[in-house]
Each structure stands twice: as C-alpha cells, then as structure tokens.
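Take a look at the model below. The walk-through starts at the ligand and then turns to the domains.

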Amino acid sequence: MLKNPYIIRVYNDLQTKFNEQIEYLQAVKEFLSAIEPLVEQDKGLEKEAILERMVTPERIIKFRVPWQDDQGQVHINWGYRIQHSSLLGPYKGGLRFDTPVNESVMKFLAFEQTFKNALTGLPMGGGKGSADFSTRGKSDQEIMRFCQSYMTELAKHINENLDVPAGDIGVGKREIGYMYGQYKRLKGVELGSLTGKPVLANGSLGREEATGYGLIYFLQAMLNEENEEVSQKRFIISGLGNVGLNAIKKVIHLGGLVLAVSNSQGSLYDPQGINIKCLEDILVNHNKDLSIYTQERPHASFSKDSIWSRQIEADIALPCATQNEINAEQARKLIANGVRFLAEGANMPCTSEAIEVFNQSKDFIWAPAKAANAGGVAVSGLEMSQNAMRLKWSFEEVDEKLQTIMSDIFTRCKETCLAFDLGKNYAVAADIAAYQKIVQLIQMHGLV
Ligand code: NDP
C-alpha cells in the first residue's frame, strides 16, 4: 500500500490516464513503493516533478510495418520504440517480436530497462521496442522481409549515439542480422547502431550467452552470502530461448542439477537431470516439441501444464520466459516444494501477489530482474565499446568483464540492503540504488 501523498498522486494520475496499461502500472507501483522512504525524506522532489519525469517516457514511437508473405499477401503489423530515458547515454534496450505486445508491455519494459542499465555502471539510457509479429511458422524469407520493412521505419529514430536496439523475445541473431543489413543500406556502415549482432558482423563474443550466464553469476554471488553454491542444487528453469538455455548450460557446467524446463508448449521433468544434448536436438530438429524427450528418456514426464504448477521438489527457481509467469498460488507451491532461492531471468516474471508471498516467507531469498538479468545489456554495452574502438575482445575477456559487472551489481544491492536496513530484500535495494543515481541525473540536467 502506497502511503506518501506525492507518490499516491503520481500513481493515481497514471492510473487515470493509463487505466488499461496493467503491466506498466504494475512495474511503476512496485518501484514507487520501494523508493517511498526516500521520497518521504526529500520534500523538494514534488516541485521539480522528479517522479513524473522518472516514470514518463521521453518519447513513444509507433509505426506501421507493411510486409508481404510468400504467397504475395500483404500484411500490416505495428512497430513500437519507447525511448524512456537518455540521462545516462543512448537509449538502450531490446526489440521484442511477439503477438501479445502492446504499449503497456513496452512501457513497463522501457521503464525497467532504464534502472537496470543504471545498475550496470555503463553509459546507457533506457528504451525498448517491439512488433506485434511472431516469427513462429514464418519462412526465413518472410522474416527477412518483415525485418527489412521494420528497420526501414525504425532507422529514422536510431543511430549509435541516439538509440541502440538489441534482441529480446523472438529477436535473435538472425533477425538482428537482417535488420542490421537493412540499416546499412539506408544509412551506411555504423557498427554500433545495433547490438546482439552475429559475431561475424561485428557482434561481441559472449553476447549470446550474457543474460543467462550473468543471471547465474548474480545467483552465485547471492548464494555465496549464504555459504551456499550452485553445485548439487536442484533447479527449475522456465523458457528455452536465449536466456533460459544459456542459464541451463551454466548451471550444468557448475554442477547443478536441472530437473525441469519449459517452453510455450509445456514443461518437462526429468528426475535424473535434463540431458542437454537431447534437449538441444529437440529445439533444433524437432520444432521445440518437448514431448519427444520422453521417447529417449522414458523416466521423464512431459505436461502441457505450466512448469510452475507442477509438483517438483527443488532448491532454486529461475523464471526465464516472460512477464507474470508465476502467480501467488504457484509461488506458494514453490515454497512448499522446498524452493528457497529464485532469480528472475525474464523481466517481471512474478506477479505482485507472488512477490508478496516471497517477501512474507522468512527464509526465501530472491533476485529481481533489474539486477539479475542485467548481463545481457551489460555485454551489449561492451559490444558498443568494441565497435567504437574497432576492436574485438575474446570470449574470455568479455566473460570476465561480465562476471565483474554482475558481482558489482550484487555488491551494490548488498550495500544498499545494509544502508537501508532491508535485510535480504535485494529487489527494494536494486530499486533504491538505481533511483539514487537517476534522481541526481535528473537534477543535474535541469528541466529536460
Ligand atoms: P526467447 O524468445 O529467446 O525465448 C523465450 C522462451 O520463453 C521460449 O522458450 C518461449 O517458448 C518461452 N515462452 C515465451 N512465452 C511463454 C509463455 N507465455 N509461457 C511459457 N513459455 C513461454 O526470449 P529471451 O530468452 O530473449 O527472453 C526471455 C525473457 O528474458 C524476456 O522476459 C526478456 O525480456 C528477458 N530478457 C532477455 C534478454 C536477452 O538478452 N535476450 C535480456 C534481459 C531480459 P517457445 O520457444 O515455445 O516460443
């Protein structure tokens, strides 16, 4: 419950204006409630409209994307780019191609991205983009035509010093490659205009792995505080895309046991531990149909149910699929099944009610997305640096820098917990640490 009158007014105004933007309101409310004690102490904020400036994107760009399928039929989709904040540098954040995207999802992602980027310590503002287009069932040629049309419009609003998009759900190396090709046709070679590029096209080694690996590096730091480690722990991990798959690989590499995984078709439970070779074969050669896994490993079980509704005893949960994938009932179930730690790989994967359940459980410790999944954007920042210097760092060099960045983010969260007497509430700590930086920046920029 919000208590500070200024915060209540800001939030109520947003509710009145954007009544249907559920995800955006949810993200803003969680943030405002975390920073409430700081706002309470600083009576000057209201006159300067600091909070309003913090929650309102600098610019919202919406454009149509016409493209033609293989049968010659023309389709129209919508593209978005939300440029939330340039206080710390060029707007930076991924592009999502998915059917349930809308302005609310984009605004929440761009808002969160601003604070996440601030935590990395790198010079990046916050933004996010999307299209209500799914690559599922489309041919390579259709995807290329869509990406070219999308970039024809987006190129008017980005460049390496203004706004630097990357990938997200539905946008991987292939899509970034097509978009980068089109960008060059329109505006000439500009290495740093997109990140997450294929390595051959001046992408950074280690970018593909960065979010999943970074998540595990943050988790390691968090476990270390409790004198625990990844090795021998039992994991449940949702999402078999960029984030989930790389997290799975890192966990296995560190000696953890991945018991259950999932994608949008269902979930797989293997009490002996997921066999990564078998899983990768399904993703590459069998249209991601997880039910096939049980043919080779009959002791495993497939279910169309959400992974979070299944009865699986484990130690650590890593939601790496999408927003609001864990609700309160599922949160209670996780705790009842022995899960003691959770780290958010996806953005806002837990509903507000699920977070309440976690926060009320005495021994449960969780890592918020803003801090724990910042590895992807951090290595995107490193890609921009390499592009600007016309240099290429080895995988090991990038990975080492990523480990340092993730451990620094954890330290910042830990120190903020100590300074504000937050116990192990790393979520509130991450919000406060990022807020302190952004407030100062708003004030030093004058009225912008
Ligand atoms: P991908 O598109 O690569 O993978 C997403 C995975 O989640 C797929 O396996 C997909 O299933 C599954 N999935 C999607 N929606 C649902 C759903 N409703 N229920 C169950 N499973 C679902 O995306 P990313 O891995 O890139 O992104 C995942 C999350 O991580 C997002 O929240 C994203 O914003 C966040 N993130 C990503 C970063 C990155 O660097 N890529 C950086 C920071 C955060 P299927 O394969 O069947 O479609």
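A polar contact here is a pair of N or O atoms within 3.5 Å. Keep in mind that the model is predicted. With that cut-off, start at Asn 242: one of its backbone N or O atoms lies 2.9 Å from an oxygen atom of the ligand. Val 243 also reaches a ligand oxygen atom through a backbone N or O atom, at 2.9 Å. Arg 136 uses its side chain instead, with a polar atom 2.8 Å from an oxygen atom of the ligand. On its own, the ligand has 890 Å² of accessible area, and the protein covers 82% of that.

Now the shell. Helix 7 (207-225) and helix 8 (242-253) are the elements that give two or more residues to it. The shell around the ligand holds 22 residues, and those that come nearest are Arg 96, Asp 168, Thr 211, Leu 240 and Ser 264. By class, the shell has six nonpolar, eleven polar and five charged residues.

Where does the ligand lie with respect to the domains? Domain 2 (59-191) and domain 3 (209-367) both give residues to the shell, so the ligand lies between them.

The domain assignment also gives domain 1 (1-56 + 432-448). The C-alpha centres of domain 1 and domain 3 are 33 Å apart. Four residues of domain 1 and six residues of domain 3 take part in the contact. Together the two domains bury about 390 Å², with 49% of it on carbon and sulfur atoms. On the domain 1 side, Glu 23, Gln 26 and Glu 30 supply 92% of the area buried against domain 3, more than any other three residues.

How values were computed: Residues numbered from 1 in each chain as written. Predicted model: local features only at pLDDT ≥ 70, side-chain atom pairs only at ≥ 80, totals over all residues. Heavy atoms only, no water. Near = heavy atom within 4 Å. Polar contact = N/O pair within 3.5 Å; in protein donor to acceptor, adjacent residues only side chain to side chain. Areas by Shrake-Rupley, 256 points an atom, 1.4 Å probe, with all protein chains shown as cover. Helix = DSSP H or I, 4+ residues; strand = E, 2+ residues; numbered from the N terminus. Nonpolar A, V, L, I, M, F, W, Y, C, P; charged D, E, K, R; others polar. Domains from an automatic or database assignment. Contact = heavy atoms within 4.5 Å. Buried area = accessible area lost by both parts, 1.4 Å probe.
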